Amino acid sequence: MIRTVVTCDRDACQAIYLPTADAGAEALEQAARVVGWRRQTTHSHTCPACTTGTGPVLERGECPACSGRTYDRADGMVCQYCQTLTPHPADDWS
Ligand SMILES: [Zn+2]
Ligand SMILES: [Zn+2]
């Protein structure tokens, strides 16, 4: 099975949007848009970081929106590229 993902069309950008569930192309498109991805053409997208001018994503990490590198802050995990804040989980499941 091929998992559908969204990748950034910008040169050198490593951003990728990996859905938590494979719900089809249309649902993926919507979910990506919610976290900041913008569609350029039918098969081309720009990641949240490049859209807001903070890209390109050069290092992969755990950002749920762009898969960019994140750093820990008191209130959660922050993407150094698209600035998405992921609050720390209530209980540590890792
Ligand atoms: Zn990008
Ligand atoms: Zn990000």
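Mentor: Two strands pair if DSSP finds at least two bridges between them; strands (E, at least two residues) and helices (H or I, at least four) are DSSP runs, numbered from the N terminus. This is a predicted model: local features need pLDDT of at least 70, side-chain atom pairs count only at pLDDT 80 or more, and totals for chains, interfaces and linings use all residues. Residues count from 1 along each chain as its sequence is written, while chains are lettered from A and ligands numbered from 1 in the order written.

Trainee: Thanks! How many bridges join β3 to β4?

Mentor: Find β3 at residues 38-41 and β4 at residues 44-46. The two form a hairpin with 2 residues between them, and R39 stands opposite H45 in β4. The strands run antiparallel, and the number of bridges joining them is 3.

Trainee: Which strands stand at the edges of the open sheet?

Mentor: Follow the open sheet of 3 strands, which has antiparallel pairing and the order β5-β6-β7. A strand at the edge here has a single partner, so one side of that strand is left without a neighbour in the sheet. That describes β5 and β7.

Trainee: Which residue of β6 does Y71 stand opposite?

Mentor: Let's look at the hairpin of β5 and β6, which has 2 residues between its strands. The strands run antiparallel and are joined by 4 bridges. Opposite Y71, in β6, stands V78.

Trainee: And which residue of β7 stands opposite M77?

Mentor: Now move on to β6 and β7, which pair in the antiparallel sense over 2 bridges. The residue in β7 opposite M77 is T86.

Trainee: Which residue takes a positive phi in the hairpin of β6 and β7?

Mentor: This hairpin has 5 residues between the strands, so look in the loop between β6 (76-79) and β7 (85-86). The residue there has a phi of about 65 degrees although it is not a glycine. Its name is Q83.

Trainee: Does A12 count as buried or exposed?

Mentor: A12 sits in the loop between β1 (6-7) and β2 (16-17), and it too has a positive phi, about 75 degrees, without being a glycine. To judge burial, count other C-beta atoms (placed from the backbone) within 10 Å of a residue's own: 20 or more is buried, 12 or fewer exposed, and in between partly exposed. Q83 has 16 such neighbours and therefore counts as partly exposed. A12 has 9, so A12 counts as exposed.

Trainee: Where is the peptide bond that is cis?

Mentor: Go to the loop between α2 (48-52) and β5 (70-73), where you will find P56. The bond leading into P56 has an omega near -5 degrees. The cis bond runs from G55 to P56.

Trainee: How many residues does the largest nonpolar core have?

Mentor: Such a core is a set of buried Ala, Val, Leu, Ile, Met, Phe, Trp, Tyr and Cys residues joined through C-beta atoms within 7 Å. Those with the most contacts inside the largest one include A15, V57 and C82, and α1 (25-34) and α2 each supply at least two residues. Leaving aside neighbours within four places in sequence, C82 is in contact (C-beta atoms within 7 Å) with residues including C47, A49 and C66. The number of residues in this core is 18.

Notes: Contact = placed C-beta atoms within 7 Å.
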